[in-house]
Each structure stands twice: as structure tokens, then as C-alpha cells.
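Please look over the structure below. A short briefing follows, grouped by topic.

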Amino acid sequence: MKLSQYKYDFSPDMLAKYPAENRDESRLLVFDRKSGKIEHKVFKDIIGYFKEGDVMIFNNTKVFPARLYGNKEKTGAEIEIFLLRELNREQRLWDVLVDPARKIRIGNKLYFGEDDALVAEVIDNTTSRGRTLRFLFDGDYEQFKAALYKLGETPLPRWIRPKVEPIDEERYQTIYAKVEGAVAAPTAGLHFSKHLLKRLEIKGVGCAEVTLHVGLGNFRSVDVEDLTKHKMDSEQIFIPDEAVRIVNAARAKEKRVCAIGTTVMRTIESSVSTDGMLKPFEGWTNKFIFPPYEFSVANSMVTNFHLPFSTQLMMVSAFAGYDQLMSVYETAKKEGYKFGTYGDAMLIL
């Protein structure tokens with residue numbers, strides 16, 4: 001597969017700039033891979049496709065306010081920092097993206113907030129746009145994190161809209177988010193409401209939770225035509241014993257196992273036994289899935305409609321079939337489905 005195969009006619013008008021009024025009332029396109037049948041539903045109708053004993057796998061990562069605005073020492077130049085990953089808690093070391101990167105050098109100090117509430121020193125260059133910062137802070141760790149939260153902003157993707165609004169603090173987070181560490185939301189999960197989860201529980205549909213802290217790897221662009229040469233940035237994942245037990249019990253009974261989002265699919269495909277069962281794991285993954293690929297764990301998935309050339313689009317094409325998915329996307333465009341983070345959803349069976 002080549003990068004150029006993941007281009008399709010796209011217009012910014014196709015993007016959802018705001019979430020649906022109610023989480024579970026976005027639109028849902030249902031695609032059956034075997035029959036090729038397409039149905040148009042409302043998201044809460046998803047319950048009709050699952051039976052007692054089936055399992056959904058959720059990513060319980062929680063987004064933190066990762067975007068900070070500050071000024072460079074001496075010149076006062078405005079600087080935007082995007083916190084990517086905490087490297088060392090005691091030393092307050094973080095990997096960050098810097099914009100504009102060209103103005104920042106090792107040794108520069110950056111100031112954030114009124115009365116310079118936070119000060120950071122650049123100690124390393126990690127990528128062309130990235131830096132490693134050491135925050136200079138006298139208080140304890142809880143005070144430091146409180147300062148970060150007070151100054152930080154919800155890291156809404158800029159291609160949705162430039163201004164973050166109060167609605168985003170709640171809606172750019174899944175209702176089951178628990179484990180802090182993501183710089184972007186696992187968007188397929190944004191469609192689930194508490195009421196829908198309760199209805200699924202009453203019906204006997206199982207719930208398994210894994211964690212992938214969404215980082216740069218999830219949205220870094222692909223710069224090579226040959227997809228085999230693209231390298232994903234590593235992201236931290238956790239697959240607990242309880243999730244393994246729930247998922248493998250359903251697989252053993254040949255039940256429907258549904259990955260809620262591409263981050264879940266990457267997580268579970270990163271730790272599979274030789275007989276195709278899920279294994280517990282704690283560590284990092286740089287799994288990049290594109291056609292052809294044989295999936296081991298999930299036999300269905302929920303996902304949003306992804307942008308051209310994105311790694312998410314490539315993964316979903318491996319699951320749905322490239323030609324079939326591109327045809328489905330044309331149908332979605334004609335039917336007026338909304339694309340992107342706050343967009344509508346697709347259930348692939």
C-alpha cells in the first residue's frame with residue numbers, strides 16, 4: 001500500500017466543529033464486511049447489534065490540559081508548548097512540542113502565566129519541532145501539577161476550530177476516562193453516554209478496559225510513499241489481567257468482540273499470543289497497522305471518519321478492506337456524515 005492511495009476528495013466543510021448535542025445521538029453508519037450492506041442509524045442504536053456475552057473494549061485514558069502559552073526570556077516572544085510526555089517526575093522533565101520551534105535553543109528559559117507562575121528551561125532537542133524542558137518549580141509535585149492544570153488548555157486539534165470553549169473541557173473526554181496521560185481523546189469513545197453504557201450492561205454486553213495514552217504517534221503525519229518505511233512514535237499502553245480474562249472468554253465462545261476506536265485496536269494487537277489470544281502487557285507500542293494485516297482479537301470495531309492520509313484511515317482500511325472502505329467513505333460523504341474528532345461514527349461488523 002502507498003500513501004497516495006489514501007487521498008480522497010475532502011473539504012473542511014465535512015469536519016464537525018462541535019460535538020452532537022447528546023453524545024449518543026450522533027449519526028452511525030453500520031457496515032457489514034461480509035454482505036457489503038450499509039445501514040444508517042443513530043449511535044444509540046448500536047445496542048441492537050450486540051447480544052449477551054459480547055464484549056466491547058474501551059480505552060480509559062484521560063486527556064490532560066496539555067497546551068500552554070508562554071514567553072521566551074529577554075525577547076518576550078510568544079511561545080506555544082504542547083506537553084507530550086512526562087519523562088521524570090522528580091526532575092520535572094517533559095518532552096514537548098514547541099511552536100515556533102526555530103526560535104528556541106538549548107538553555108533558553110520560558111515563562112508561563114501571570115507573575116511567571118511557571119518557568120522552564122530547555123535542556124535538549126528531541127525532534128525538529130520537539131524539545132525537552134525542565135520546569136523550575138519549588139513546590140511539591142501536587143502543587144506543580146496544579147499549576148500545570150491551571151495554566152494548561154484542553155488540547156483540542158486546531159483543525160476543528162482555533163478557539164477552545166467551555167464545552168470542550170467536558171466533551172473532549174470520554175465519560176469513562178480514568179487514567180491520566182493522553183494529549184488527544186480516543187474519539188470513538190466520545191459517542192458513549194452513561195445511559196447507553198447502562199443499557200449495554202443490562203443487556204449483558206461485557207466491558208473490558210485497556211489504556212493507550214494517546215500521544216504524537218496517533219496524529220503524526222506520514223511523510224513516505226512506501227508505508228513500510230513509516231515509523232510510529234511509541235505510546236504507553238496497559239492491558240490488565242481483568243481485560244484479558246473478559247476478552248478471551250468471549251473469544252473462546254465465538255462472541256462478538258468490538259474494539260472501540262483505533263487506539264484500542266492498536267493496543268490489543270500489540271500483545272497477542274501465538275494462538276490469537278490477548279495477553280497482559282505494560283509498556284510501549286509503536287504498532288502501525290495497514291493492509292494487508294490479519295487481525296487477531298477483535299472481530300468488529302467502532303471508529304470515526306478519518307482524514308485523508310491519516311494512520312487511522314490506513315488501519316481501518318486494513319480491517320474493513322481497502323476498496324470497501326473507500327466506497328463506504330463515498331457513501332458517507334453523499335449522505336452528509338460529519339468527519340473528524342467530533343464527527344459521526346461507523347460500526348464495522
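Which residues in H4 are buried? In this predicted model, they are Ala 243, Val 244, Ile 246, Val 247, Asn 248 and Ala 250. The points below start with H4, then turn to a helix pair and a loop residue.

**Helix H4**
- H4 covers residues 241-252, and its 12 residues should span 16 Å at 1.5 Å a residue. Its end C-alpha atoms are 16 Å apart, so the expected span agrees.
- The cover over the buried residues of H4 includes four strands: S3 (55-59), S12 (206-212), S13 (235-239) and S14 (257-260).
- Glu 254 lies just after H4 and takes a positive phi of about 55 degrees.

**Helices H5 and H6**
- Two packed helices are described by the angle between their axes and the distance between the axes.
- The axes of H5 (residues 262-269) and H6 (residues 311-320) come within 10 Å and cross at roughly 70 degrees.
- Angles of 65 to 115 degrees count as roughly perpendicular, and H5 and H6 are therefore roughly perpendicular to each other.
- The crossing of H5 past H6 is left-handed.
- From H5, Thr 262, Met 265 and Arg 266 make the contact; H6 supplies Gln 312, Met 315, Val 316 and Phe 319. By class, the contact residues are four nonpolar, two polar and one charged.

**Asp 140**
- Asp 140 sits in the loop between strand S10 (130-136) and helix H1 (141-151).
- Its relative accessibility is 44%, so Asp 140 counts as partly exposed.
- Asp 140 and Thr 262 are 122 residues apart along the chain, and 37 Å separates their C-alpha atoms.

Technical notes
Residues are numbered from 1 along each chain as its sequence is written. This is a predicted model: local features need pLDDT of at least 70, side-chain atom pairs count only at pLDDT 80 or more; totals for chains, interfaces and linings use all residues. Side-chain values use heavy atoms; hydrogens and water are left out. Axes are lines fitted to C-alpha atoms, for helices over the stretch in contact, and angles run from 0 to 180 degrees between N-to-C directions. Helices (H or I, at least four residues) and strands (E, at least two) are DSSP runs, numbered from the N terminus. Angles under 35 degrees count as roughly parallel, over 145 as roughly antiparallel, 65 to 115 as roughly perpendicular and the rest as oblique. A crossing is left-handed if the near helix is turned anticlockwise from the far one by less than a right angle, and right-handed if clockwise. Contact means heavy atoms within 4.5 Å. Ala, Val, Leu, Ile, Met, Phe, Trp, Tyr, Cys and Pro count as nonpolar, Asp, Glu, Lys and Arg as charged, and the others, Gly among them, as polar. The expected span of a helix is 1.5 Å times one less than its number of residues. Buried means under 20% relative accessible area, exposed over 50%, partly exposed in between (1.4 Å probe, protein chains only).
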